[in-house]
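Here are some short exercises to work through with the model open beside you. Try each task before reading its solution.

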Amino acid sequence: MFVIRLPNGHLLAPESAMDHEGQVVGDAYVEVSPADPEYARLASQAISEEEVDRQRRRWREGDEALRREFEDYLAGRQHDAGEPG
């Protein structure tokens, strides 16, 4: 998860919800204003929404290539085992 810089100057920062035993039960984004004491630290890690979109596109493209490679691998295993494909 990323710290995302919003056009209004606020940040979206990841935050985990924990149960009473300290186990993570969920993740979410919270909006952080410049008045927040954590703002400066989080802002140093922040990326723009456009950068997030670019990263997601790269992941999807990489996912597609990996999916094709895995399907080729499975097809090769079926062929090697003499199974009908």
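Strands here are DSSP runs of E with at least two residues, numbered from the N terminus, and two strands pair if DSSP finds at least two bridges between them. The model is a predicted one.

**Exercise 1.** Work out how β1 and β2 are joined, and find the residue with positive phi in their hairpin.

*Solution.* Start with the strands: β1 covers residues 4-5 and β2 covers residues 11-18. They run antiparallel, with 2 bridges joining them. Next, take I4, whose bridge partner in β2 is L12. Finally, look at the 5 residues between the strands: in this hairpin G9 has a positive phi near 95°.

**Exercise 2.** Do the same for β2 and β3.

*Solution.* Strand β3 spans residues 24-32, and 8 bridges join it to β2 in an antiparallel arrangement. Across this pairing, E15 stands opposite A28 in β3. The hairpin again has residues between its strands, 5 of them, and G22 takes a positive phi near 90°.

**Exercise 3.** Classify the ring pair of F2 and W59, and say which parts of the chain it ties together.

*Solution.* The structure contains 2 aromatic pairs. For F2 and W59, the ring centres are 5.9 Å apart and the planes lie at 15°, so this pair is stacked; the cut-off for stacked is under 30 degrees. Now place the residues: F2 sits in the segment before β1 and W59 in helix α2 (residues 49-80), so the pair links parts 57 residues apart in sequence.

**Exercise 4.** Are F2 and W59 buried, partly exposed or exposed?

*Solution.* F2 has a relative accessible area of 25%, so it is partly exposed. W59, at 44%, is partly exposed too.

Notes: Residues numbered from 1 in each chain as written. Predicted model: local features only at pLDDT ≥ 70, side-chain atom pairs only at ≥ 80, totals over all residues. Heavy atoms only, no water. Helix = DSSP H or I, 4+ residues; strand = E, 2+ residues; numbered from the N terminus. Phe/Tyr/Trp six-rings, centres within 6.5 Å; stacked < 30°, edge-to-face > 60°. Buried < 20%, exposed > 50% of the residue type's maximum accessible area, 1.4 Å probe, protein only.
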